[in-house]
Amino acid sequence: MRFSVNLPNFGDFADPRNVATVARAAEQADWDGLFVWDHVLHRRHQGRPFGDPWMLLTAAALATSRIRLGTLLTPVPRYRPQQLARQVATLDRLSGGRVVFAAGLGGPVEDEYHSFGDLAEPRLLAERLDEGLELLTRFWSGGPVNHRGRHYEVRDVTLLPTPVQRPGPPVWLGGFWPRRPPMRRAARWDGAVPLFETARHGHVPEVAEVRDLVAYVRGHRPAGTGRPFEFVLGGATPPNAARARDIIGPLRDAGATWWDERQLQTGPDLDRLAPVLRRVEAGPPVL
């Protein structure tokens, strides 16, 4: 099992230098990854400064040499696919092939879309997500792309350079369980990053629900897929090592392959550097 640190892209972490500090500490403390949020607006956190996640991850890449880096998660329908393809490919080359691309609809929809005049309903956003993911993988191939879909059009475009990872960075998909469509989408890609209706961000999911989710996704995986599939769970673990093992061990046995530590993201310290850095420096849970 691998372990990652999860950071918001606002508050103290709107400053790329602070994200670089945490990333460096995470690598030194033997964490396996660092992931940041991708919001332009979240009214629940209004009044805080927000940073661009790709600039934050650039700072993290320059401060590290080993850990995986990415967003959890990027709302693909909010971007132009060609812009996003360039950003991800550039970061993958800068980091030496360490990017994970996690995607979804994002939210809150009212904040992230409607506030900027994009009144698309969730069904249309899901269509844009699927079509955008298809275009991203085609752009990352380095070959010419021609496309005429419902939402996007591309006329004889080749985007270079390609990502270091071939055919591209691993693609993880988010969504709420037990909603089935997002997990069927995830099954077609390289990983699932579920939130749970019964365990929102920062809270540990029930083992039985994790077993059900893993069985459902595995049952919808297409045959002949070359890459390993990741199940990425997250929550807050206690500082006591034995208690942390009691929480994460059964989730690992149920099929989880990553634990994304969200230690401080259920309270007022979620966007403050000092307490987050202390937790990171203490290292990941030991199983």
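## Pockets, helices and unusual backbone spots

The lining of the largest pocket divides into 18 nonpolar, 13 polar and seven charged residues. This is a predicted model. The report starts with open and closed spaces, then turns to helices and the backbone.

**The largest pocket**

How much space lies in the largest pocket? About 1,100 Å³. Its lining is made of 38 residues. Gly106, Gly107, Phe176, Leu195 and His201 lie nearest the centre of the pocket. Four elements give two or more residues to this lining: helix H5 (122-140), S8, H6 and S9. Which of them gives the largest share? Strand S8 does, with four residues.

**Closed spaces**

A probe the size of a water molecule, rolled over the atoms, shows where empty space is left. The structure holds two cavities of 30 Å³ or more. The second largest cavity has about 40 Å³ of space. Its lining consists of Pro194, Leu195, Phe196, Ala199, Arg200, His203, Pro205, Gly234 and Arg262. By class, five of these are nonpolar, two are polar and two are charged. Strand S9 (residues 191-196) provides the largest share of this lining, three residues.

Leu195 appears in both spaces: it is among the residues nearest the centre of the largest pocket, and it also lines the second largest cavity. His203, another lining residue of that cavity, is found in the loop between S9 and H7. Is His203 buried, exposed or partly exposed? It is partly exposed, with a relative accessible area of 45%. His203 and Ala236 are 33 residues apart in sequence, yet their C-alpha atoms are 6.3 Å apart in space.

**Helix H7: two sides**

Helix H7 covers residues 207-219. From the first C-alpha to the last, its 13 residues reach 18 Å, close to the 18 Å expected at 1.5 Å a residue. Which residues of H7 are buried? They are Glu209, Val210, Leu213, Val214, Tyr216 and Val217. These residues cover an arc of only 165° around the axis, so they sit on the same side of H7. An α-helix has 3.6 residues a turn, so residues three or four places apart point the same way. On the other side of H7, Arg211, Ala215, Arg218 and Gly219 are exposed.

What covers the buried residues? The cover includes strand S8 (171-177), helix H6 (180-187), S9, strand S10 (230-235) and helix H8 (241-253). Strands S8 and S9 are thus part of the cover of H7, and both also give residues to the lining of the largest pocket.

**Helices H2 and H9**

Helix H2 (residues 53-63) is mostly covered, with eight of its 11 residues buried. The buried ones are Pro53, Trp54, Leu56, Leu57, Ala59, Ala60, Ala61 and Ala63. Among the elements that cover them are helix H1 (16-28), strand S2 (33-36), helix H3 (81-94) and strand S5 (99-104). Strands S3 (68-71) and S4 (74-75) also belong to this cover.

In helix H9 (residues 273-281), the buried residues are Leu273, Pro275, Val276, Leu277, Arg279 and Val280. They pack against strand S1 (2-7), H1 and strand S11 (258-261). Helix H1 therefore serves two helices, as the cover of H2 includes H1 and the buried residues of H9 pack against H1.

**Unusual backbone spots**

Most residues other than glycine have a negative phi, and most peptide bonds are trans. The table gives the positive phi values.

| Residue | Phi |
|---|---|
| Asp30 | about 75° |
| Asp156 | near 50° |
| Gly283 | near 90° |

Asp30 is placed in the loop between H1 and S2. Asp30 is exposed, with a relative accessible area of 55%. Asp156 lies in strand S7 and is exposed too, with a relative accessible area of 56%. Gly283 follows H9.

Where are the cis peptide bonds? One joins Gly107 and Pro108, and its omega is about 0°. Pro108 lies in the loop between S5 and helix H4 (109-112). Gly107 is also one of the residues nearest the centre of the largest pocket. Another cis bond runs from Arg166 to Pro167, with omega near 5°. Pro167 sits in the loop between strand S7 (153-157) and S8.

Key
Residues numbered from 1 in each chain as written. Predicted model: local features only at pLDDT ≥ 70, side-chain atom pairs only at ≥ 80, totals over all residues. Heavy atoms only, no water. 1 Å grid on protein atoms, 1.4 Å probe; cavity = no way out; pocket = protein on both sides within 12 Å on 5 of 7 lines; lining within 4 Å. Points joined across faces, edges and corners; volume = space filled by probe spheres on them. Nonpolar A, V, L, I, M, F, W, Y, C, P; charged D, E, K, R; others polar. Expected span 1.5 Å × (residues − 1). Buried < 20%, exposed > 50% of the residue type's maximum accessible area, 1.4 Å probe, protein only. Arc of directions from axis to C-beta. Contact = heavy atoms within 4.5 Å.
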